[in-house]
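Thanks for sharing this one. Here are my notes, set out as numbered points to read alongside the structure.

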Amino acid sequence: MTPIGFNGLVCLIDTASDGKLCVQGSALQVLEQIQQPVVVVAVVGLYRTGKSYLMNRLAGKQTGFALGSTIESKTKGIWMWCVPHPTKAETTLVLLDTEGLGDVDKGDSKHDTRIFSLAVLLSSTLVLNSRGTIDNRAIEELQYVTELTEYIKIKSPDEAVDDAEFVKFFPSFIWAVRDFTLQLNIDGKDTTEDEYLEFALKLKLGNSSQVNNYNLPRECIRKYFPSRKCFTFPFPTNPDNVSYLETLDPAEISKRFLEVTGRFCQFIFDQSQVKNLKDGHTVTGRVVPKQLSRR
C-alpha cells in the first residue's frame with residue numbers, strides 16, 4: 001500500500017492570520033508514517049523564477065508543485081512532497097518547495113527570513129534558484145543568509161557560539177542559475193560552473209564600509225555552506241512557451257536545458273546526504289515533527 005503523502009503534495013508550513021508560521025497537522029501525519037531515513041531537498045528563491053519546475057523533475061513527475069504566477073496565493077509557506085528515493089534503497093526523498101522570496105505584497109520584511117531559515121534547518125541540501133547571472137544584485141538579494149544566526153539558536157542565549165557549530169548541521173548548497181546567457185569564461189579562460197560560483201563569491205580587499213557590505217553576504221555563504229555546487233541553465237524554450245513549461249513536449253524544450261536539468265537531478269540523487277542532526281543522529285520522517293516542535 002502506498003503511504004499517505006506519496007500520492008501528492010501537502011502543506012507543511014502555513015502562515016496564520018497573525019503572520020506567524022504554523023505547522024500543519026496533516027503534514028505531520030505524513031511524516032510520522034515514514035520510518036526510513038530521509039534526504040530532504042529544499043528550494044528557495046525569488047518568486048516567479050521557476051523553482052517548482054525543478055522540484056517536479058526531482059519527483060520524477062511532469063506536474064505536482066504548482067507553476068506560474070497565477071497560483072501565488074496558493075503556495076504560501078512551505079509545501080512538501082515525499083517520494084521513494086530513486087537511487088537510495090529504503091530511503092525517502094522529501095522535497096520542500098518554499099514560497100517565493102521578495103514579494104513586496106507580503107508586508108512583513110522578516111517573513112522571508114523565517115522561511116529561509118526553516119528551509120536551511122530542515123534540509124540536507126538547499127537549492128537556491130535565481131535568474132540571469134550571479135552578480136552583485138543577485139547576492140545582495142540573498143541578504144537572508146546574513147541573518148541566519150539571528151533566527152537559528154543552537155545554544156542558550158548567554159553562551160557564545162562558534163560559526164563552526166552552525167556548519168555542523170547546515171545543508172549542502174546548490175545555486176541553480178536559470179536563463180543563463182553568458183559564456184563561462186573568466187579572464188579569457190574557459191571555466192566550470194563551480195569556478196564561476198567561486199569567482200562570484202570572491203572577497204574584495206579593504207575595510208571600508210562599502211567593501212564590508214560587499215563582502216558580508218559572500219563571507220556568510222562561504223562560511224556557512226562550505227559544500228557548494230552550481231548549475232547554469234539556458235532558456236528552456238521560446239519565451240512565449242515558458243508559462244506552459246510543464247505541459248510542453250520534450251521536443252519543444254531546449255536539449256541543453258534538458259541536459260543541465262538531468263545533471264542537476266542526478267547530482268542531487270547521488271550526492272545529497274541523508275539528513276542528520278548535529279550529534280550525527282539519522283533523521284527519519286518521525287524525527288522531523290519533533291524538530292519542528294522545537295522551533
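**Notes on the model**

1. Let me begin with a tryptophan: Trp 81 sits in strand E4. Please keep in mind that this is a predicted model. With a relative accessibility of 6%, Trp 81 counts as buried. Its partner to look for is Val 10: the two are 71 residues apart in sequence, yet their C-alpha atoms are 6.6 Å apart in space.

2. Now for the chain as a whole. There are 10 helices and 10 strands in the chain. Of its 295 residues, 46% are buried. Taking contacts between residues at least 6 apart in sequence, 70% join residues at least 24 apart. The pair Trp 81 and Val 10, with their positions 71 residues apart in sequence, is one to keep on screen while you look around.

3. Helix H2, residues 51–58, deserves a closer look. How many of the eight residues of H2 are buried? Eight of the eight are, so the helix is mostly covered. The buried set is Lys 51, Ser 52, Tyr 53, Leu 54, Met 55, Asn 56, Arg 57 and Leu 58. These residues pack against strands E3 (38–45), E4 (78–84), E5 (92–98), E6 (125–131) and E7 (172–178), and against helix H9. After H2 comes Gly 60, with a positive phi near 75°.

4. The pairing of H2 with H9 is worth displaying on its own. H9 covers residues 255–271, and the two helices pack at an angle of about 60° with their axes 10 Å apart. H2 and H9 are therefore oblique to each other, and their crossing is right-handed. On the H2 side the contact uses Tyr 53, Leu 54, Arg 57 and Leu 58; on the H9 side it uses Phe 257, Leu 258, Thr 261, Phe 264, Cys 265, Ile 268 and Phe 269. Sorted by class, that contact has nine nonpolar residues, one polar and one charged. As a reading aid for the spacing, an α-helix has 3.6 residues a turn, so residues three or four places apart point the same way.

5. Two loop residues can be viewed together with H9. Ile 253 lies in the loop between strand E10 (228–232) and H9, and at 7% relative accessibility it counts as buried. Setting aside neighbours within four places in sequence, Ile 253 is in contact with Tyr 53, Pro 236, Leu 245, Leu 248 and Leu 258. Of these, Tyr 53 and Leu 258 also belong to the contact of H2 with H9. Ile 253 and Val 242 are 11 residues apart in sequence and 9.5 Å apart in space, C-alpha to C-alpha.

6. The other loop residue is Ser 272, found between H9 and helix H10 (287–293). Is Ser 272 buried or exposed? Ser 272 is buried, with a relative accessible area of 2%. Leaving out residues up to four places away in sequence, Ser 272 touches Val 39, Val 41, Lys 88, Thr 125 and Phe 267.

7. Helix H3 (residues 111–122) has 12 residues and reaches 17 Å from its first C-alpha to its last, close to the 16 Å expected at 1.5 Å a residue. Of those 12 residues, 11 are buried, so H3 is largely enclosed by the rest of the structure. Among the buried residues are His 111, Asp 112, Phe 116 and Leu 122.

8. A backbone check next. Most residues other than glycine have a negative phi. Glu 90, which is not a glycine, has a positive phi of about 55°. This residue lies in the loop between E4 and E5, and Glu 90 is exposed, with a relative accessible area of 60%. Asp 179 also has a positive phi, near 55°, and is found in the loop between E7 and strand E8 (185–186). At 15% relative accessibility, however, Asp 179 counts as buried, because the cut-off for buried is under 20%.

9. One last residue to look up is Gln 143, in the loop between helix H4 (136–140) and helix H5 (148–151). Gln 143 is partly exposed, with a relative accessible area of 33%. Its C-alpha is 9.0 Å from that of Leu 216, although the two are 73 residues apart in sequence.

Definitions and conventions
Residues are numbered from 1 along each chain as its sequence is written. This is a predicted model: local features need pLDDT of at least 70, side-chain atom pairs count only at pLDDT 80 or more; totals for chains, interfaces and linings use all residues. Side-chain values use heavy atoms; hydrogens and water are left out. Axes are lines fitted to C-alpha atoms, for helices over the stretch in contact, and angles run from 0 to 180 degrees between N-to-C directions. Helices (H or I, at least four residues) and strands (E, at least two) are DSSP runs, numbered from the N terminus. Angles under 35 degrees count as roughly parallel, over 145 as roughly antiparallel, 65 to 115 as roughly perpendicular and the rest as oblique. A crossing is left-handed if the near helix is turned anticlockwise from the far one by less than a right angle, and right-handed if clockwise. Contact means heavy atoms within 4.5 Å. Ala, Val, Leu, Ile, Met, Phe, Trp, Tyr, Cys and Pro count as nonpolar, Asp, Glu, Lys and Arg as charged, and the others, Gly among them, as polar. The expected span of a helix is 1.5 Å times one less than its number of residues. Buried means under 20% relative accessible area, exposed over 50%, partly exposed in between (1.4 Å probe, protein chains only).
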